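The following exercises are to be worked with the sequence and the coordinates at hand. Each task is followed by a solution in steps.

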Amino acid sequence: MDKRTFFGGMAMQCPNCQSKNLGRIGPGQYYCWDCFIELTVEGEMLQLHQVEEDGTLSSLDDLFPESERKLL
Ligand SMILES: [Zn+2]
């Protein structure tokens with residue numbers, strides 16, 4: 001087994017940097033260790049948040065069209 005994170009049998013990939021180096025941080029929540037964004041699974045969609053230096057989250061959803069955030 002490698003360290004890839006699977007969702008529904010599919011390898012999850014970071015929509016921002018295409019990395020598969022994702023860590024699970026909670027139910028439906030993942031963290032990209034390469035570009036430091038948080039990914040939340042919301043139904044069939046991913047919600048992307050950037051963790052700011054002060055710990056607050058800012059949404060990156062506007063930067064990605066739905067087609068790039070939809071889980072296959
Ligand atoms: Zn990433």
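Of the 72 residues of the protein, 14% count as buried. The model is a predicted one, and the exercises below concern its fold, its confidence, its sheet and selected residues.

**Exercise 1. Determine which secondary structure elements the protein contains and in what order they follow.**

Step 1. Counting the elements gives 1 helix and 7 strands.

Step 2. Along the sequence the elements follow the pattern β-β-β-β-β-β-β-α.

Step 3. Contacts may then be sorted by separation in sequence. Among contacts between residues at least 6 apart, 20% join residues at least 24 apart.

**Exercise 2. Establish which element has the lowest mean pLDDT and which the highest.**

Step 1. Begin with the whole chain: the average pLDDT is 84, and 83% of the residues score at least 70.

Step 2. Among the elements, strand β1 (residues 6-7) has the lowest mean pLDDT, at 52. The highest mean, 93, belongs to β4.

Step 3. Where pLDDT is low, predicted coordinates should not be read in detail.

**Exercise 3. State the order of the strands in the open sheet, and explain why one side of each edge strand lacks a neighbour.**

Step 1. The open sheet is formed by 5 strands in the order β3-β4-β5-β6-β7, with antiparallel pairing.

Step 2. The edges are occupied by β3 (22-26) and β7 (57-59); each has a single partner strand, so one side of each is left without a neighbour in the sheet.

Step 3. On average, neighbouring strands of this sheet are turned by 35° against each other, direction ignored.

**Exercise 4. For the hairpins of the sheet, find how many residues lie between the strands and which glycine in each turn has a positive phi.**

Step 1. Take β3 and β4 (residues 29-32), which pair in the antiparallel sense over 4 bridges. Across this pair, R24 has Y30 as its bridge partner, and G26 stands opposite Q29. The hairpin has 2 residues between its strands, and G28 in the turn has a positive phi of about 70°.

Step 2. Take β5 and β6, which run antiparallel and are joined by 6 bridges. Here L39 stands opposite L48 in β6. This hairpin has 2 residues between its strands, and the turn residue G43 has a positive phi of about 65°.

Step 3. Take β6 and β7, antiparallel strands joined by 3 bridges. H49 stands opposite S59 in β7. Between these strands lie 5 residues, and G55 in the turn has a positive phi of about 95°.

**Exercise 5. Identify the residues of the largest nonpolar core and the elements that give two or more residues to this core.**

Step 1. The largest nonpolar core has 9 residues: M12, C14, L22, Y30, C32, I37, L39, L46 and L48.

Step 2. Two or more residues are given to this core by each of the elements β4, β5 and β6 (45-51).

Step 3. Two core members, L39 and L48, are also the residues that stand opposite each other across β5 and β6.

Step 4. For C14, setting aside residues up to four places away in sequence, the residues touched are S19, L22, C32, D34, C35 and L39.

**Exercise 6. Which two residues that are not glycine have a positive phi, and are they buried or exposed?**

Step 1. Q18 has a positive phi of about 65° although it is not a glycine. Q18 is located in the loop between β2 (10-11) and β3.

Step 2. Q18 has 10 C-beta neighbours inside 10 Å and therefore counts as exposed, the limit for that class being 12 or fewer.

Step 3. F36, likewise not a glycine, has a positive phi of about 60°. The residue lies in the loop between β4 and β5 (37-42).

Step 4. F36 counts as exposed because 11 C-beta neighbours lie inside 10 Å.

**Exercise 7. Place E52 in the fold, decide whether E52 is buried or exposed, and give its distance to I37.**

Step 1. E52 belongs to the loop between β6 and β7.

Step 2. With 9 other C-beta atoms within 10 Å, E52 is exposed.

Step 3. E52 and I37 are 15 residues apart in sequence, and their C-alpha atoms are 9.4 Å apart in space. I37 is itself one of the residues of the largest nonpolar core.

Conventions. Residues are numbered from 1 along each chain as its sequence is written. This is a predicted model: local features need pLDDT of at least 70, side-chain atom pairs count only at pLDDT 80 or more; totals for chains, interfaces and linings use all residues. Two strands pair if DSSP finds at least two bridges between them. Axes are lines fitted to C-alpha atoms, for helices over the stretch in contact, and angles run from 0 to 180 degrees between N-to-C directions. A residue is buried if 20 or more other C-beta atoms lie within 10 Å of its own, exposed if 12 or fewer, and partly exposed in between; C-beta atoms are placed from the backbone. A nonpolar core is a set of buried Ala, Val, Leu, Ile, Met, Phe, Trp, Tyr and Cys residues joined through C-beta atoms within 7 Å. Two residues are in contact if their C-beta atoms, placed from the backbone, lie within 7 Å. pLDDT is the predictor's confidence in each residue, from 0 to 100.
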